[in-house]
Amino acid sequence: VVAWTCGRSQVEVCDCSLLAHVFWQSLESRVTFQQWLQARLAKSRGRQLAAILSGLLDRVLSKATAAADLLGELQVFQRATEKEIVEAERQQELARAHCWLPDQETKNFCAAVDLELDSRSGPRTLLMEVARLSAAAELAAEEVDVYVRKRRAVGDLEWSGSSSDASTEEQTFKLGKHKGRLFSEVAENDVDYCNMVEKKVAAGSFGGDSPLDRQVRAFVSYLKESRSQ
């Protein structure tokens, strides 16, 4: 009915925002549920795309993908990312023209979509990284693998838990003083450690390929992504 009264023959993601007026048990929980629902409806394939891009860069570092081949793969990745952005922005336009959604709910939905698109693993953010990587490969001012290694040494071009089905195990310390503890637990309870590793990574430490180096960079990447959400 909602789709039909809006002049469409099928239900769109933005239509599901109206579920916030149905699935709640108390007035106190209504706002919380609305926020939860909007965040879920605004989700993109950004984490999946980030996982693909991360895998591509891993192949660059291992010399399995040459600069010329990288450009071709980045073009394919760019098209997929642009398609994701176009769809998200289409949902925003549908929401603004919606005859059932109140103005404030429309604004909240569009803001949630923008927040997702611009998050650390969001499609718009990834598209900017693709532009930088393409420029590095085309200009050849330095080897692409050197460029990627330098960026990763400071916590960039890595996305902790990028895959949509990332397991808790992937965000668990396997080495060091926090072995066995979740990234989220350490981030919440050991601010000094967080500040210390972020400073060291920014200074160029932990830039190698050892399990400890990769773990620390993944944790720093997790911290950055957490703050952007």
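Helices (H or I, at least four residues) and strands (E, at least two) are DSSP runs here, numbered from the N terminus. This is a predicted model, with pLDDT of at least 70 needed for local features and 80 or more for side-chain atom pairs, while totals for chains, interfaces and linings use all residues. Residues are numbered from 1 along each chain as its sequence is written, and side-chain values use heavy atoms, with hydrogens and water left out.

**Figure 1. Lys 63, in the loop between α3 and α4****.** Lys 63 isn't a glycine, yet its phi is positive, about 70°. Is this residue buried or exposed? Lys 63 is exposed, at 58% relative accessibility. For all these views, buried means under 20% relative accessible area, exposed means over 50%, and partly exposed is what falls in between (1.4 Å probe, protein chains only).

**Figure 2. Leu 157, in the loop between α7 and α8****.** Here's another non-glycine residue with a positive phi, this one near 60°. Leu 157 is buried, with 2% relative accessibility.

**Figure 3. Helix α4, residues 67-96****.** This helix has 30 residues, and from its first C-alpha to its last it reaches 43 Å. That is close to the expected 44 Å, where the expected span is 1.5 Å times one less than the number of residues. What does the buried side of the list look like? Among the buried residues of α4 are Leu 70, Leu 71, Leu 74, Phe 77, Thr 81, Glu 84, Ile 85 and Ala 88, and further along come Gln 91, Gln 92, Leu 94 and Ala 95. An α-helix has 3.6 residues a turn, so residues three or four places apart point the same way. The buried residues of α4 pack against α3 (46-61), α5 (103-117), α6 (123-139) and α7 (144-153), a contact being heavy atoms within 4.5 Å. Glu 82 also lies in α4, but this one is partly exposed, at 34% relative accessibility. From Glu 82 to Val 144 is 62 residues in sequence and 23 Å in space, C-alpha to C-alpha.

**Figure 4. Arg 152 and Asp 58 in a salt bridge****.** The closest N and O atoms of this pair are 2.6 Å apart. Arg 152 lies in helix α7 and Asp 58 in helix α3, so the pair ties together parts that are 94 residues apart in sequence. A salt bridge here is a side-chain nitrogen of Lys or Arg within 4 Å of a carboxyl oxygen of Asp or Glu. Side chains of opposite charge can pair when their charged atoms come close. Arg 152 is buried, with a relative accessible area of 6%, whereas Asp 58 is partly exposed at 38%. How many salt bridges does this rule give? The count comes to 19.

**Figure 5. Salt bridges of Arg 151 and Lys 177****.** Arg 151 meets Asp 156 in a salt bridge, 3.5 Å from N to O. Arg 151 is buried, with a relative accessible area of 14%. Lys 177 pairs with Asp 190 in the same kind of bridge, 3.7 Å from N to O. Asp 190 sits in the loop between α8 (183-189) and α9 (191-202) and Lys 177 in the loop between α7 and α8, so this pair ties together parts 13 residues apart in sequence. Asp 190 is buried at 15% relative accessibility, while Lys 177 is exposed at 64%. Salt bridges that share partners also join Glu 129, Arg 132, Arg 151, Asp 156 and Lys 224 into one network.

**Figure 6. Leu 18, in the loop between α1 (2-5) and α2 (27-41)****.** Leu 18 counts as buried, at 15% relative accessibility. Which residues does Leu 18 touch, leaving out those up to four places away in sequence? They are Val 2, His 98, Trp 100 and Leu 101. Asp 209 is 191 residues from Leu 18 along the chain, and their C-alpha atoms are separated by 48 Å.

**Figure 7. The protein chain, with its 10 helices and 0 strands****.** Pulling back from the close-ups, the C-alpha trace spans about 55 × 45 × 25 Å along its principal axes. Buried residues make up 41% of the 229 residues. Of the contacts between residues at least 6 apart in sequence, 63% join residues at least 24 apart.
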